[in-house]
Amino acid sequence: VRVMLVARDTLGCVDTAYRVIEMDREAVWVPNVVTPELPANNRFVVKVNDVDQFQCYVYNRNGHFLYQFRSMDDAWDCTYRGAKCPQGVYVYVINYTPKFHPKSWYTVKGTFTVVR
């Protein structure tokens, strides 16, 4: 981002300074509630911005692995081996590389709730 500062003194003299500030553009958005029985918000979907590589892992509260996806277009339907997962809290772990730092892996961890 290019930032410009314009300063004006009491006599009307103007001075300008420019600076480029590098910002991380990548962003990861994760829902905190999923409602698989309703038509909207019925899958665990992760949205990312300016991310090159992506991996998402879903676990139950006991740490049992349930689902993995590596495509930003994929999502978890709140099932495991064809059976509906019960209502409750689940854990996600997301690993990603930003487009601006493709050799660096970052991790985001958190929880979400499945409401049936």
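## Exercises on a predicted fold

Cys56 has a relative accessible area of 0% and so counts as buried (under 20% is buried, over 50% exposed and anything in between partly exposed, with a 1.4 Å probe and protein chains only). The model is predicted, so that local features need pLDDT of at least 70 and side-chain atom pairs count only at pLDDT 80 or more, whereas totals for chains, interfaces and linings use all residues. Residues are numbered from 1 along each chain as its sequence is written, and side-chain values use heavy atoms, with hydrogens and water left out.

### Exercise 1: Cys56 and its surroundings

Work out which residues Cys56 contacts, which nonpolar core includes Cys56, and why the sulfur of Cys56 forms no bond with that of Cys78.

Step 1. Setting aside neighbours within four places in sequence, Cys56 is in contact (heavy atoms within 4.5 Å) with Phe44, Val46, Tyr67, Gln68, Phe69, Val93 and Ile94.

Step 2. Cys56 is among the residues with the most contacts inside the largest nonpolar core, a group of 19 residues in which Phe44, Val46, Trp76, Ile94 and Phe112 are also listed for this. Such a core is a set of buried Ala, Val, Leu, Ile, Met, Phe, Trp, Tyr and Cys residues joined through side-chain atoms within 4.5 Å. The elements that give two or more residues to this core are β6, β7, β10 and β11 (106-114).

Step 3. The closest cysteine sulfur to that of Cys56 belongs to Cys78 and is 12 Å away, which is too far for a bond. The count of disulfides (cysteine sulfur atoms within 2.5 Å) comes to zero. Cys13, for its part, is partly exposed, with a relative accessible area of 48%.

### Exercise 2: the sheet and Asn95

Determine the order in which the five strands of the open sheet are arranged, and then describe where Asn95 is found and what its side chain contacts.

Step 1. The order is β4-β11-β10-β6-β7, and the pairing is mixed; strands are DSSP runs (E, at least two residues, numbered from the N terminus), and two of them pair if DSSP finds at least two bridges between them. At the edges stand β4 (33-34) and β7 (65-69), each of which pairs on one side only.

Step 2. Strands β6 (residues 51-59) and β10 (residues 88-98) run antiparallel to each other and are paired over eight bridges, and Tyr59 has Val91 as its bridge partner in β10.

Step 3. Asn95 belongs to strand β10 and is buried, at a relative accessible area of 17%. Its side chain makes a polar contact with that of Thr107 at 2.8 Å (N or O atoms within 3.5 Å, where within protein one must be able to donate a hydrogen and the other to accept it, and residues adjacent in sequence count only if both atoms are side-chain atoms). Beyond four places in sequence, the residues in contact with Asn95 include Gln53, Tyr57 and Trp105.

### Exercise 3: the salt bridges

Find how many salt bridges the model holds, and which residues are joined into one network.

Step 1. The count is two, a salt bridge being a side-chain nitrogen of Lys or Arg within 4 Å of a carboxyl oxygen of Asp or Glu.

Step 2. Glu37 pairs with Lys84, the closest N and O atoms lying 3.6 Å apart. This pair links distant parts of the chain, since Glu37 is in the loop between β4 and β5 (47-49) and Lys84 in strand β9 (residues 83-84), 47 residues apart. Glu37 is partly exposed at 41%, whereas Lys84 is exposed at 58%.

Step 3. Arg116 and Glu37 also meet in a salt bridge, at 2.4 Å from N to O. Arg116 lies in the segment after β11, so this pair ties together parts that are 79 residues apart in sequence. Arg116 is partly exposed, at 32% relative accessibility.

Step 4. Through shared partners, the salt bridges join Glu37, Lys84 and Arg116 into one network.

Notes. Helices (H or I, at least four residues) and strands (E, at least two) are DSSP runs, numbered from the N terminus.
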